[in-house]
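Got a few minutes to look around a new protein model together? Here it is, followed by some questions and answers.

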Amino acid sequence: MTIRAVITGVGHYLPERVVENAEFEKTLDTSDEWIRSRSGIERRHFAAEGETTSMMGTMAAKAALADAGLTAADIDAVIVATSTPDLTFPSVATMVQKELGMTCGFAFDVQAVCAGFIYALSNANAQIISGQVKRVLVIGAETFSRIMDWTDRATCVLFGDGAGALVLEARIGTGTSEDRGILSVDLNSDGTYKDMLYVDGGVSTTGTSGKLRMQGNALFRQAVQKLAETAETAIAKAGLIPADIDWIIPHQANIRIIEGTAKKLGHAMDQVVVTVQDHGNTSAASIPLAMSVGRARGQIKDGDLCVAEAIGGGLAWGAVVLRW
């Protein structure tokens, strides 16, 4: 008997405001063509004034619960991946817990920037297979528009806001790769790459939230290599080969990174869930957003083998192999 963490519901939320590339032409030396050619991004969503990470996470969580046919009373824990919390503390997860009306269980945040959702999935999986919990809400939610330097054309056009959520539930499997649920996880980090992607402020340094800084070309080179490697490692851990994978569900940072990783894994782009054109880089919300949209499009079907991979500041990176 093997306990597996199986996805039983998925949902997402995007702010109402849609910002097309052309809007940046009014304030920056840039163009729609420049942004599209370098990133694949055409538009993104920005949170409204007063719209917070916890609000978006709550909306995504409600959508995932509805998809699973569950209520908040059925959930044992809430894990939120975010680098843009409402407050320094308490956690966004406890705020979501409160808004859902949960009066039991536990909630906490995970911070691994764009890799945050992979880390949160890994944590939720461990909680389930250890028997600590039966059902977990795993949420990725970000308001990166709050930490943008609007004079830096290399970064401010890349990011967007949004949230995605999954319900993970304990199910009994056979212990083989034919099981539904999370089959393997691979996590990595290397702090020597800190300066490639960071925010130049924090509680113990400046006392402010700071602005995002990125070395784009250097990060690009690291991303393609590390994403392909972690995906291959996770696939091997599951006793599979890349050709077994039906869908790559990548962190939606840049279409060229997505294409480069898919090529290294030997997959055509019609086997990749791509949403970067509509959402931009939503950091920890990126993968659950892509999962939710991929299901809504009819791409990801029950029984499909998927590998999700992401890399973010730290650098931190990792991959999860799962059967839907």
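Helices (H or I, at least four residues) and strands (E, at least two) are DSSP runs, numbered from the N terminus. Keep in mind that this is a predicted model.

Q: In which loop is Leu315 found?
A: Leu315 follows Gly314, and the peptide bond from Gly314 to Leu315 is cis, with omega near -10°. As for its place in the chain, Leu315 sits in the loop between strand 12 and strand 13 (316-323).

Q: What is omega for the peptide bond from Phe89 to Pro90?
A: Start with the place: Pro90 belongs to the loop between strand 4 (77-81) and helix 3. The bond that leads into Pro90 from Phe89 is cis, with omega near 5°.

Q: Which residue in the loop between strand 5 (106-110) and helix 4 (116-129) is Val113's place, and what is its phi?
A: Val113 lies in that loop, between strand 5 (106-110) and helix 4 (116-129). Its phi is positive, in a residue other than glycine, with a value near 55°.

Q: Is helix 2 parallel or oblique to helix 3?
A: Two packed helices are described by the angle between their axes and the distance between the axes. For helix 2 (residues 53-68) and helix 3 (residues 92-100), the axes are 9 Å apart and the angle is about 55°. That makes the arrangement of helix 2 to helix 3 oblique.

Q: Is the crossing of helix 2 and helix 3 left-handed or right-handed?
A: The helix 2 side of the contact includes Thr53, Gly57, Ala61 and Leu65, and among the helix 3 residues they meet are Val92, Met95 and Val96. By class, the contact has six nonpolar, four polar and two charged residues. As helix 2 passes helix 3, the crossing is right-handed.

Q: Are helix 5 and helix 6 parallel or oblique to each other?
A: The axes of helix 5 and helix 6 come within 9 Å. They cross at roughly 40°. Helix 5 and helix 6 are therefore oblique.

Q: How many charged residues are in the contact of helix 5 with helix 6?
A: Helix 5 passes helix 6 in a right-handed crossing. Residues of helix 5 that take part include Phe220, Leu227 and Glu232, while helix 6 brings in Arg256, Ile257 and Lys264, among others. Sorted by class, the contact holds eight nonpolar and two polar residues, and the charged ones number three.

Q: Which strand gives the largest share of the lining of the largest pocket?
A: The largest pocket has a volume of about 860 Å³. Its lining counts 29 residues, with Ser83, Pro85, Gln111, Gly201 and Ser209 nearest the centre. That lining splits into 11 nonpolar, 14 polar and four charged residues. The largest share, three residues, comes from strand 9 (residues 197-199).

Q: Which helix gives the largest share of the lining of the second largest pocket?
A: The second largest pocket holds about 540 Å³ of space. Among the 26 residues that line it, Ala154, Leu158, Met214, Gly216 and Asn254 are closest to its centre. Helix 1 (32-39), helix 5 (216-237), helix 6 (255-265) and strand 12 (305-312) each supply at least two lining residues. The largest share is six residues, and they come from helix 5.

Q: How many nonpolar residues are in the lining of the second largest pocket?
A: Two of the classes are quickly listed: this lining has seven polar and three charged residues. The remaining class is nonpolar, and its number is 16.

Technical notes: Residues are numbered from 1 along each chain as its sequence is written. This is a predicted model: local features need pLDDT of at least 70, side-chain atom pairs count only at pLDDT 80 or more; totals for chains, interfaces and linings use all residues. Side-chain values use heavy atoms; hydrogens and water are left out. Axes are lines fitted to C-alpha atoms, for helices over the stretch in contact, and angles run from 0 to 180 degrees between N-to-C directions. Angles under 35 degrees count as roughly parallel, over 145 as roughly antiparallel, 65 to 115 as roughly perpendicular and the rest as oblique. A crossing is left-handed if the near helix is turned anticlockwise from the far one by less than a right angle, and right-handed if clockwise. Contact means heavy atoms within 4.5 Å. Ala, Val, Leu, Ile, Met, Phe, Trp, Tyr, Cys and Pro count as nonpolar, Asp, Glu, Lys and Arg as charged, and the others, Gly among them, as polar. On a 1 Å grid over the protein atoms alone, a cavity is a set of points where a 1.4 Å probe fits but cannot get out, and a pocket is an open set with protein on both sides within 12 Å along at least five of seven lines; lining residues have an atom within 4 Å of a point. Grid points are joined across faces, edges and corners, and a volume is the space filled by probe spheres set on the points.
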